[in-house]
Each structure stands twice: as C-alpha cells, then as structure tokens.
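Q: Please take a close look at a single helix of this structure and describe the setting in which that helix lies. A connected account would be preferred to a list.

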Amino acid sequence: MSRIATPSAGGPTAWHDLDPLTRLVVSVGTLVAAVLLTGVVCLLLLTLVAVLLPAALARQLRRVLVTGLLLALPLALSVIIVNVLFSIEGTVVASLGPLEITEEGIALAAEVVARVLTMAGAAVLFYVTTRPSELVASLQHHGVSARLTFVIHNGVAMIPRLAERAHEVTAAQRARGLDTEGNWLRRGRGVVAVAAPTVLSAVRETEMRTLALETRGFTRPGRPTVLRVPHDSSTQRVARWGVALALVLLTLARATGALPC
Amino acid sequence: MLKLQGVSYRYPGGAHETLHAVTLELAEGTITGLAGAAEAGKSTLCLVAGGLAPRVIGGTIVGDITLDGTDVTSWPMHHLAEHVVTSLQEPAGQLSLIADTVFDEVAFGPANLGLPPEEVVARSDEALHLVGIEDLRERDPERLSGGQQQLVVMAGLLAMRPRHLILDEPVAHLDAAGSRLVLEAITAIATAGTAVLMAEQRSEALATVCDSVAVVAGGNIVARGSPREVLAHPATIAFGIEELPEERLRRRLSKAGLDPDVVAAAT
C-alpha cells in the first residue's frame with residue numbers, strides 16, 4: 001500500500017533523488033547551451049559543470065565518459081578530418097601532400113568536437129540515470145499529456161529493445177546459416193538480413209501495442225492517476241526556471257553578439 | 001450482456017467482408033469459445049466484439065452491437081474499454097513498457113481511468129489475486145515467461161473491472177504449464193461474473209473451460225452448442241478444427257475394429 005500517491009523510493013545518490021523532470025531540464029538545457037556557446041574553454045566549462053560533476057555525483061562518471069566518447073566518436077572523427085584537412089583559408093601550420101592544415105581549421109575542429117562531446121555527455125548522463133518509467137510518472141505528475149510522455153518514453157526505451165531484438169534476429173539468422181563475419185560484402189548482406197526482420201517485427205509489435213493501449217483506456221481524456229509522485233521541491237522548481245531563463249538570456253546574448261564566448 | 005446482431009465487417013482496403021452477418025451473445029459469468037481454422041475470422045470477430053475494429057484499425061461495419069440493450073457503435077474506445085476489454089495473441093506485445101514491476105503494469109489500466117489512487121491499488125491487488133500471480137508483483141514484466149506475461153496482461157485487463165473479456169488465443173504461445181495457469185485463471189474470472197469470449201485453436205482448451213462453443217468458418221458462425229456437442233461432431237474436422245483427443249482415440253479404435261465403449265469400460 002506504500003504506493004498510494006507517495007513519493008517514489010529514493011535513488012542511490014542525490015542526483016537520482018532529483019525529480020526526473022529536473023534531470024531532463026538540465027540535460028536539454030546543456031544540449032541547447034552547447035549549441036549557443038562557442039570556444040573550447042566555454043564548452044569545456046559547460047561540460048564540467050553540467051555533465052561531469054553530476055555524473056560524478058551520480059557515481060556514473062566512468063560510464064558517462066566511455067559511452068559519451070563512443071557515441072561522439074564517429075561524428076568527432078569526421079569533423080576533425082573535414083575541418084583540419086579541408087579548411088581552405090587560414091594560417092598554414094603543416095602540409096600533407098596537397099592538403100594544408102590551418103590554425104583556424106584546428107580551432108574549429110576542436111570547438112565542434114567539444115560541442116559534440118558535451119551534447120553526447122548530457123544525453124548519456126540523462127539516459128543512464130533515469131528509468132523511462134520514472135520520467136513518464138514525473139511528466140504525468142507535472143501535467144504533460146499521457147500520449148506525449150509515451151512517445152518520449154518509447155523513444156528512450158526503443159534503443160535497448162531494438163538492440164536486443166537485433167541480437168535475437170542475428171542469432172536466429174546465424175542458426176539458419178547466415179554468414180555475418182568475413183569480408184565487408186558478406187557483412188553487408190548480413191546487415192540486410194538482420195535489419196529487415198528487426199524493423200518489421202518492431203513495426204508489428206508497435207501495431208499490437210497500439211491496440212493493447214486502446215483497450216486499456218490509454219486514450220481517455222483527462223489526467224491518469226499517478227501512483228509514484230516524484231521528489232520535487234521548491235529549490236528544484238526554481239532551478240528549472242533558472243535554467244530556462246539562462247537559456248533565454250544566452251539566446252538573446254548570442255543574437256545581439258554580447259556573448260563573450 | 002454484449003450482443004452482436006447481424007454484424008458484418010470489412011478491413012480498410014479489403015475487397016470483401018471478413019465477417020458476414022454474425023450474431024453472438026456474451027452473457028455475464030459464461031465462457032463462450034470460438035473454434036475455427038486459421039484465417040477463419042476468429043481474431044477479426046474478437047477485434048469487432050472488443051470494439052477495436054473499426055474504432056482503432058478502421059474498416060467498415062454493418063449491424064448492431066449493444067451492451068445491455070444500448071447501442072455502443074458510437075462510443076469512443078476509452079468509454080467502451082470500461083466495459084469490454086480485449087487481450088491479443090502475443091502477451092509481450094501488449095505490455096505497456098512503462099512499468100518496472102508487474103504491479104505497475106496491472107495498475108496501468110485503472111490508472112488510465114483516472115480513478116483515485118486507493119482504488120487503483122485495490123483493483124490491482126484484487127486482479128493479481130484473482131489471476132494468482134501475487135508472487136510476481138515486484139518482478140519486471142518484460143523478464144517473465146510467456147505464460148506469466150499472459151497472466152499479467154489478463155490481470156491488467158481485469159483490474160479495469162470489465163464485464164466482458166475478449167481473449168484471442170490466450171494459450172497459443174504457451175507451454176502446457178502456462179496453458180493450465182491461464183485456463184484456470186479464465187475459469188476463475190468467469191466464476192467471478194465476467195463474460196468471456198475466447199478464440200482458440202486447441203479444441204481441448206475450449207472443451208476444458210467453455211460453456212458453449214461457436215464454430216467460425218469463412219467469416220460466418222456455422223455451428224454452435226455445448227463444447228462436446230460441437231467439438232465431438234464428425235463435421236468439425238471439415239472446418240479445420242482440431243479433433244478432441246478422446247474422439248481421435250474413439251475413431252482409431254473403431255477403425256481397428258474395436259468397440260470404443262467396450263475398451264473404455266475395460267480400462
């Protein structure tokens with residue numbers, strides 16, 4: 001009976017104890033700020049304050065660093081290659097055959113990589129410290145529509161589910177003789193054989209889930225009952241509005257050119 | 001009582017009707033079975049009786065569907081869901097995905113109805129008890145076996161306290177132990193006063209729990225009666241319905257020149 005509209009059980013750390021909406025606002029705020037800010041120093045400062053410190057507080061620093069780096073790596077590499085090797089104008093610091101490496105190219109690459117790392121870190125921090133059900137309960141408690149929360153939740157929950165399904169399909173296809181190792185051509189064929197059933201089964205499951213949700217009154221107008229009330233507080237409310245206000249000021253400063261970095 | 005009178009249904013984009021002038025009555029406290037071969041129209045009849053067709057999946061419907069004499073064809077799905085709920089074939093696909101525990105999964109339906117928290121908890125506890133899965137209440141529903149997930153789905157529907165429960169092949173993906181659990185739960189649900197419509201390919205399952213059975217073929221109800229009367233009828237096999245094990249034995253004994261009644265008396 002402890003579930004009757006009582007605060008949800010506390011998390012393992014102070015960061016986990018925050019209302020998921022607060023964690024969401026911090027992550028989204030960090031993503032937007034990373035777009036608005038320029039300069040490696042400013043971006044690193046943002047990463048330190050909004051990603052690394054909370055990650056350490058949540059005892060997830062290593063996981064956030066590793067996953068964030070892996071997530072950002074493909075984009076970061078392409079950014080480095082394009083900006084460092086194909087920068088047309090600027091002070092040349094080195095040559096690589098016909099390609100010239102410029103100071104401006106290196107600076108731009110460093111800034112974009114810092115931005116990508118900050119954004120990846122913010123997303124990973126939220127993902128590893130927030131259970132989808134927590135977020136749904138929090139959003140519903142704050143009056144966000146059930147449909148919207150379900151869409152948000154499924155966006156988050158779909159990633160591990162698709163990965164798990166792809167793993168199952170791969171195992172099934174291998175059992176039927178599919179060669180997913182060897183040269184790239186074979187691997188490419190393997191991807192098609194795995195991707196098609198994975199996507200189709202996901203679509204079918206989505207259709208079935210739609211019917212199941214309808215029969216369980218999901219589309220009923222009005223707010224559903226929330227059994228687990230998140231740990232909100234006036235401090236968190238002020239902090240959330242503070243983040244929103246900071247983003248507005250940041251946007252104005254960027255638009256007027258008043259931003260120092 | 002949920003009543004379908006002369007109901008025909010055509011899927012969106014379908015060239016022909018899938019159901020033809022079907023008449024069916026679901027009385028409270030009874031279990032009505034739907035037997036038939038694959039593609040006979042059993043699942044479509046479940047979707048229509050449960051209100052999902054055409055409300056959610058589209059299509060066109062003709063005929064009358066009434067609940068205690070009131071026409072429900074214009075009711076929105078969320079309103080009908082307070083009286084009639086439907087369970088589909090694959091339990092995993094029916095989980096809400098926003099519940100960490102079985103209790104939360106079961107509470108999802110009544111919570112959607114906007115009931116007071118105490119009522120949601122009471123209904124969920126009752127449904128868990130009725131289906132006999134109280135011991136699973138803190139487990140992750142996505143990590144359960146197919147049979148357990150089917151029971152969780154049924155508990156979730158029962159927590160909405162519907163007067164009519166539509167089940168499309170509830171034991172299709174289950175092993176013997178899982179099937180037994182689900183069939184026992186269905187019997188308990190009907191005993192508690194719920195009207196159950198159960199589409200099923202396994203004749204033995206229908207014979208075990210149903211009060212009456214209707215045979216669906218080509219989108220029509222071609223026969224109806226008591227389970228033994230319908231499922232033991234020689235014409236049943238012609239409709240692609242699995243023969244009851246005891247009937248199969250009787251036929252084979254007769255074919256071997258033995259009198260089944262004498263053999264039965266001797267054993």
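A: The account below begins with the chain that holds the chosen helix, turns to the helix itself, and ends with the core and the contacts between chains.

The model is predicted. Chain A contains nine helices and four strands, and these follow one another along the sequence as β-α-α-α-α-β-β-α-α-α-α-β-α. The C-alpha atoms of chain A occupy a box of roughly 70 × 60 × 35 Å along the principal axes. Chain A has 261 residues, of which 30% count as buried. When contacts in chain A between residues at least 6 apart in sequence are considered, 73% of them join residues at least 24 apart.

The helix selected here is α2 of chain A, which spans residues 20-36. Its 17 residues reach 24 Å from the first C-alpha to the last, close to the 24 Å expected at 1.5 Å a residue. The buried residues of α2(A) include A:P20, A:L21, A:T22 and A:R23. Further along α2(A), A:V25, A:V26, A:S27, A:G29, A:T30, A:A33 and A:A34 are buried as well. An α-helix has 3.6 residues a turn, so residues three or four places apart point the same way. The partners of the buried residues in α2(A) are four other helices of chain A: α3 (40-57), α5, α6 (132-141) and α9 (234-256).

One of these partners, α5, leads to the wider interior. The largest nonpolar core of the model comprises 122 residues, and B:A155, B:I186 and B:V196 have the most contacts inside it. Helix α5 of chain A (residues 103-129) gives the most to this core, namely ten residues. Domain 1 (6-140 + 233-256) and domain 2 (144-215) of chain A each provide at least three residues of this core. In soluble globular proteins, nonpolar side chains tend to be buried together. As for B:I186, its contacts beyond four places in sequence are B:I31, B:P170, B:V196, B:M198 and B:V209.

There remains the contact between the two chains. Here 33 residues of chain B touch 31 residues of chain A. On the side of chain B that touches chain A, α3 (77-80), β6 (84-87), α4 (102-112) and α5 (117-131) of chain B each supply at least two residues. The largest share, six residues, comes from α4(B). By class, that side of chain B has 18 nonpolar, ten polar and five charged residues.

Note on methods: Residues numbered from 1 in each chain as written. Chains lettered and ligands numbered in written order. Predicted model: local features only at pLDDT ≥ 70, side-chain atom pairs only at ≥ 80, totals over all residues. Core = buried A, V, L, I, M, F, W, Y, C linked by C-beta atoms within 7 Å. Buried ≥ 20, exposed ≤ 12 C-beta atoms within 10 Å, placed from the backbone. Domains from an automatic or database assignment. Contact = placed C-beta atoms within 7 Å. Nonpolar A, V, L, I, M, F, W, Y, C, P; charged D, E, K, R; others polar. Expected span 1.5 Å × (residues − 1).
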